[in-house]
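I opened this model to go through one strand and its neighbours, then a sheet, then the domains and the contact between chains. My notes follow in the order in which I looked things up.

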Amino acid sequence: MIFKKPKNTLEGHGTFSVFSRKAYNPKNSDEELSVECLKCKKNSSSSELADSMYVCPFCRYHFLLNVRRRLDFICDKGSFEEFDAEMSSKNIIGFPDYEKKLNNAKIESTEKEAVVCGKCTINGYPAAIFVMNPYFMMGSMGTVVGEKITRLFEYATEKNLPVVGFTVSGGARMQEGILSLMQMAKISGAVKLHSDAGNLYLCILTDPTMGGVTASFAMEADIIIAEPFARIGFAGPRVIEQTTGKKLPEGFQSASFLLKKGFVDDVIDRRRHRRYISYVLKLHTNRT
Amino acid sequence: MTAYERVTQARAKGRASTADFIENIISGFIEMHGDRRFADDSSIISGIGRLGDIPVTVIGVEKGKSVKERGLRNSGSAHPEGYRKALRQMKLAEKFRRPVICFVDTPGAFCGIGAEERGQGQAIAENLMEMMTLKTPIVSIIIGEGGSGGALALAVADEVWMLENSVYSVISPEGCAAILWKDGKRATEAAECLKLTAQDLLKFGVIEKIIPENIKTDKKIFETVKQELIKTFEKNSTVQNLTENRYKRYRKIGEF
């Protein structure tokens, strides 16, 4: 009986080794620092990293990226207009210590929730955009994340806009219990209506994208690309090792693994995202 | 009864399973195997039969009863092929305008190497999306464990019912306790926190109906489920209303 063993741990958050990656948060990078790459262990200066969009100049490792920086890298200057910026989670099911966790997440991330939604132009092409936030409870999906993304898809359907999304998430947020799980269905419904109306959805999977996010809107896009080295999966590696008692193959659940298995269209370096996305948008602009 | 006692009940050996429900409420059931892509996943039983006079498609997760059968059925933890088989059957149901009945009793989608390699997440995601606009009625019944995404992949429906002592949760209480307190043994506490009982879920508006179990025999439960299903499918609803209401059903969940 698998439900008995702690196997579904990745539906929650907090089991990722990625927490150790918090050592460097680009948000607090005003002063010049020497930053060690978590992959190749070589040092770069923080200004050097900022110039390379937080990609290690030696090994191309992609650091976790703050939401606002991501938006700066992707959107045309001054074009981003945020939606539902004030929406914030409540402790609906009375889960112990959830308020405290939310408050800490707000302080740590300086954001109200784990996703930022809005509209923008990218090289002049209009799009609805969502970017998930790794610094807010590891991008976990509760009802506010569900509602904001659903509203974004509904807005895009109404306006016939493409949706560009960046995922990073540990999965559904267990502090909101079953209501978090229901968000997977809710968002999927909105994605389907957007798709049935003939609109484009482009999703970029970043490190890590797991659990209920993988099992819903991350895998529902027309075009799915991944950042190099991103870990993408349904269950987390530790859970799989516990369940199967097997050692995982090298590179299991990495972006290139998913490419090989046929689940992403391409693996694209962060520094090429803006150009890639705007070209895809261009190819999907109706000739009228 | 405490939440964890319900969890224990939901997992109890000898509890009526999908196969029992099919045997007792569907006449002339014929099983359909395989996803037409890779394999047949025995964790999920699917096929067609009659509910009273109504031809129906039935899909359900089966854990298995004997040790051998449990092995064969992977204790009800489906692989991507199981969800793809389910979707294939649903598409046929849509084509031939048959209502769909789903029975859910799973610890969760399987967490294994093969499952990941063949897109466990993608398989579930596709079901969620396609079920939302499937142009035929769907009723899902949680009969034992409703384990997270693996349960939801068969529970995007017009109505979701739960047996009185079944549970439906985003994560197992053991998993939740292991993450929160680094102690899987505090599952009893976690079960309370997660609000996973049928009674809680009815309150949240996540389910429509609780099927009582405080009756002596399973026979009575089967009869209740059968009559309720017939009543539901006899309601006339246009296809457009059906999918619109299904969308609204999920659209309203959440508080901000």
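**Entry 1, a strand and its partners.** I began with the pairing of β4(B) and strand β5 (residues 138–147) of chain B, and found that six bridges join the two, which run parallel. Since this is a predicted model, I take every value here as computed from it. Looking for a residue pair within this pairing, I noted that B:Thr106 stands opposite B:Gly146 in β5(B). I then turned to strand β3 (residues 54–61) of chain B, which is joined to β4(B) by four bridges and also runs parallel to β4(B). There I looked up B:Thr57, whose bridge partner in β4(B) is B:Val100.

**Entry 2, burial of the strand.** How many residues of strand β4 (residues 100–106) of chain B are buried? I counted seven of seven, so by the cut-off of 20 or more other C-beta atoms within 10 Å the strand is mostly covered. I next sorted the side chains by direction: B:Val100, B:Cys102, B:Val104 and B:Thr106 point one way, B:Ile101, B:Phe103 and B:Asp105 point the other way, and all are buried. I added a reminder that side chains in a regular strand alternate between the two faces of the sheet.

**Entry 3, a sheet in chain A.** I traced an open sheet of seven strands in chain A, in the order β3-β4-β5-β6-β7-β8-β9 and with mixed pairing. Its edge strands are β3 (81–83) and β9 (266–267) of chain A, each of which pairs on one side only. Within the sheet, I found strand β5 (residues 125–132) of chain A joined by four bridges to strand β6 (residues 163–169) of chain A, and the two run parallel; A:Ile129 has A:Val164 in β6(A) as its bridge partner. Helix α4 (residues 143–159) of chain A lies across β3, β4 (115–122), β5 and β6 of chain A, and runs at about 25 degrees to β4(A).

**Entry 4, domains of chain A.** I looked up the division of chain A, which gives domain 1 (2–17 + 64–283) and domain 2 (26–63). Their C-alpha centres lie 23 Å apart, and 13 residues of domain 1 of chain A are in contact with ten residues of domain 2 of chain A. On the domain 1 side I listed five nonpolar, two polar and six charged residues.

**Entry 5, contact between the chains.** I found that the contact takes 52 residues from chain B and 58 residues from chain A. Several elements of chain B give two or more residues to the side touching chain A, among them β5, α7 (148–152) and α12 (239–251), while the largest share, eight residues, comes from α6(B). By class, I recorded that side of chain B as 27 nonpolar, 17 polar and eight charged residues.

Notes
Residues are numbered from 1 along each chain as its sequence is written. Chains are lettered from A and ligands numbered from 1 in the order in which they are written. This is a predicted model: local features need pLDDT of at least 70, side-chain atom pairs count only at pLDDT 80 or more; totals for chains, interfaces and linings use all residues. A residue is buried if 20 or more other C-beta atoms lie within 10 Å of its own, exposed if 12 or fewer, and partly exposed in between; C-beta atoms are placed from the backbone. Two strands pair if DSSP finds at least two bridges between them. Two residues are in contact if their C-beta atoms, placed from the backbone, lie within 7 Å. Axes are lines fitted to C-alpha atoms, for helices over the stretch in contact, and angles run from 0 to 180 degrees between N-to-C directions. Domain bounds come from an automatic or database domain assignment. Ala, Val, Leu, Ile, Met, Phe, Trp, Tyr, Cys and Pro count as nonpolar, Asp, Glu, Lys and Arg as charged, and the others, Gly among them, as polar.
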